[in-house]
Amino acid sequence: MAFAGGLGIDIDLAPLRDACGLESTAELLFSESTTRFLIGVRCHASREFEALFDGLPLVQLGEVTATPQVRIFNPAGELVVTANDVAENG
């Protein structure tokens, strides 16, 4: 998703923990509870997008970054997953 555009993403699992009540980082990352989708939305369209899901669970987890790297932080703010764009970094 982010790599294809030469971008990256920083994800914070704290809002997900707060919304669903799961505590462990492993549960937050790999839980087989209700299906979840990760969707990128431009900032200027975020309110309109959120309105489409009125009454449904929706959590903002992060933001797109200019560095082609995916970084996921646990609820304590510790970096737990990092992935670089291997095409970019050879």
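Where does Asn74 lie? In this predicted model, Asn74 is found in the loop that runs between strand E3 (69-73) and strand E4 (79-84). A look at the whole fold helps to place that loop before its contacts are followed.

The protein is built from four helices and four strands. Read from the N terminus, these elements follow the order β-α-α-α-β-β-β-α. Among the contacts with a separation of 6 or more, 59% join residues that are 24 or more positions apart. Of the 90 residues in the protein, 20% are buried. The accessible surface amounts to about 6700 Å², and carbon and sulfur atoms account for 54% of that area.

Back at the loop, Asn74 has a relative accessibility of 8%, and because the cut-off for a buried residue is under 20%, Asn74 counts as buried. The side chain of Asn74 has polar partners within the loop. One of its polar atoms lies 2.9 Å from the backbone nitrogen of Ala76, and the side chain also makes a polar contact of 2.7 Å with the side chain of Glu78. When neighbours within four places in sequence are set aside, the residues in contact with Asn74 are Asp12, Leu13, Thr25 and Val80.

Asp12 takes the story to another part of the chain. This residue belongs to strand E1, which spans residues 8-12. With 32% relative accessibility, Asp12 is classed as partly exposed, whereas Asn74 is buried. Beyond its neighbours within four places in sequence, Asp12 touches Leu61 and Phe73 as well as Asn74. The side chain of Asp12 also comes to 3.0 Å from the backbone nitrogen of Ala14. Glu78, the polar partner of Asn74, can be placed relative to Asp12 too: 66 residues separate the two along the chain, and their C-alpha atoms are 9.4 Å apart.

Strand E1 has a further link, this time to strand E2 (residues 62-65), where Thr65 is located. Outside its neighbours within four places in sequence, Thr65 is in contact with Leu7, Gly8, Ile9 and Asp10. Thr65 is buried, at 17% relative accessibility. A polar atom of the Thr65 side chain lies 3.2 Å from the backbone oxygen of Thr67.

Both of these strands also take part in the largest pocket, which holds about 1400 Å³ of space. Its lining comprises 36 residues, and those closest to the centre are Phe37, Leu38, Ile39, Val59 and Leu61. At least two lining residues come from each of strand E1, helix H1 (14-20), helix H2 (25-30), helix H3 (46-51) and strand E2. Leu61 therefore appears twice in this account, as a residue among those closest to the pocket centre and as a contact of the partly exposed Asp12.

Finally, the cysteines deserve a word. A disulfide is a covalent bond between the sulfur atoms of two cysteines. How many disulfides does a search of the whole structure find? The search returns zero. Cys20 and Cys43 fall into separate exposure classes, with Cys20 partly exposed at a relative accessible area of 34% and Cys43 exposed at 74%. The second value is above the cut-off of over 50% that marks a residue as exposed.

Methods:
Residues numbered from 1 in each chain as written. Predicted model: local features only at pLDDT ≥ 70, side-chain atom pairs only at ≥ 80, totals over all residues. Heavy atoms only, no water. Disulfide = S-S within 2.5 Å. Buried < 20%, exposed > 50% of the residue type's maximum accessible area, 1.4 Å probe, protein only. Contact = heavy atoms within 4.5 Å. Areas by Shrake-Rupley, 256 points an atom, 1.4 Å probe, with all protein chains shown as cover. Polar contact = N/O pair within 3.5 Å; in protein donor to acceptor, adjacent residues only side chain to side chain. 1 Å grid on protein atoms, 1.4 Å probe; cavity = no way out; pocket = protein on both sides within 12 Å on 5 of 7 lines; lining within 4 Å. Points joined across faces, edges and corners; volume = space filled by probe spheres on them.
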